[in-house]
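Please open the structure in your viewer and keep the sequence panel beside it, since each stop on this tour begins with something to select.

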Amino acid sequence: MSTIMFVHAHPDDEVTLTAGSMIRAAEEGHRVVVVFATHGEHGEVPADLRPGESLADRRRAEATRAAELAGVAGVHWLGYCDSGMAGWEQNDHAEAFVQAPAAEAAARLAALIADERPDVLVGYDWHGNYGHPDHVRVHQVVRRAAELTDPRPRLFEATMNRDRVREQFRAALAAGTPEAEGFDPDRPMDDGNPLGTPEAEINLQVDVSQQVVRRREVMACHASQVTDIESWLALPLESYAAVFATEHYLEVGSSDSMRSGWFF
Ligand SMILES: [Zn+2]
């Protein structure tokens, strides 16, 4: 049995990027741990918040439930505040994750790594797929925390396969799926770069086709974030599986071309 630690910026980022791998690892008997940098304070606010309940409370509860359903053994919070999208005034708030010194955030994460002793650590690619400031910060902080750790876990970075996403959206357009209109992974995202990573630079493709049914249930736990998840959940299972049956990772230090494989 190994331990694998996934680091995410906001609750629900795990269901767009790594939930299939988390479920698969747990099913195989590995200890799966997830770390969230923020509570997603600037996400969508649901109409049914109870008196005294904050969006952070709700998202924390949703992430905890999602983790349980995924078989995750430990959920940790770095305790920072969501920084909002690139250019938002919330970027400047003192508690925002992007305002925290990278060394301080890395030290918090390194302390969790020292407790959990993961064999495999998973962060984000260099621009967090689309340039969200908190995602970029996760990339930096995970790299730095890994450097502070001895023995150093194997380090992977979750990404999106731009070539595959392009094919999927072309197929969806051809099939007349209205949601696919207006999306282009080659177009500049928030940070001016196209989405994710070209396949030629990706090292690992993970097959999580056996996990898609559970994965969808895990996604549904993040019910407050309707806009992000409802169109995915509305897809027939076959179409959902076409998008989420594989997950993609860079292995830090590797220059190998993409293999279909697994972390362990
Ligand atoms: Zn996010």
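Two strands count as paired if DSSP finds at least two bridges between them. With that rule in mind, and remembering that the model in front of you is predicted, begin with the strands.

Select residues 204-207, which form strand β6, together with residues 246-251, which form strand β7; these two strands run antiparallel and are joined by four bridges. If you then pick out Q205, you will find that it stands opposite H248 in β7. Now add residues 259-261, strand β8, which runs parallel to β6 and is joined to it by three bridges. Within β8, G261 is the bridge partner of V206.

Next, widen the selection to the whole sheet. What is the order of its strands? The sheet is open, has eight strands with mixed pairing, and follows the order β3-β2-β1-β4-β5-β7-β6-β8. Strands β3 (74-80) and β8 stand at the edges with a single partner strand each, so one side of each is left without a neighbour in the sheet. As you turn the view, notice that the twist averages 30° from one strand to the next.

For a parallel pair elsewhere in this sheet, select residues 120-124 (β4) and residues 154-159 (β5), which are joined by five bridges. Here V120 stands opposite R154 in β5. Helix α4 packs on the sheet, where it touches β1 (3-8), β2 (31-38), β3 and β4, and its direction makes about 165° with that of β3.

Keep α4 in view by selecting residues 102-116, and add helix α5, residues 133-147; the two helices pack at an angle of about 60°, with their axes 8 Å apart. Are they roughly perpendicular or oblique to each other? Angles of 65 to 115 degrees count as roughly perpendicular, over 145 as roughly antiparallel and under 35 as roughly parallel, with the rest counted as oblique, and α4 and α5 are therefore oblique to each other. Their crossing is right-handed. To see the contact itself, show the side chains of A102, A103, A105, A106, L109, A110 and I113 in α4 and of R137, V141, V142, R144 and A145 in α5. The residues of this contact divide into ten nonpolar, no polar and two charged.

For the last stop, select D48 and R58, whose side chains meet in a salt bridge with an N to O distance of 3.0 Å. Because D48 lies in the loop between β2 and α3 (55-70) while R58 lies in helix α3, the pair ties together parts that are ten residues apart in sequence.

Key. Residues are numbered from 1 along each chain as its sequence is written. This is a predicted model: local features need pLDDT of at least 70, side-chain atom pairs count only at pLDDT 80 or more; totals for chains, interfaces and linings use all residues. Side-chain values use heavy atoms; hydrogens and water are left out. Axes are lines fitted to C-alpha atoms, for helices over the stretch in contact, and angles run from 0 to 180 degrees between N-to-C directions. A crossing is left-handed if the near helix is turned anticlockwise from the far one by less than a right angle, and right-handed if clockwise. Contact means heavy atoms within 4.5 Å. Ala, Val, Leu, Ile, Met, Phe, Trp, Tyr, Cys and Pro count as nonpolar, Asp, Glu, Lys and Arg as charged, and the others, Gly among them, as polar. A salt bridge is a side-chain nitrogen of Lys or Arg within 4 Å of a carboxyl oxygen of Asp or Glu.
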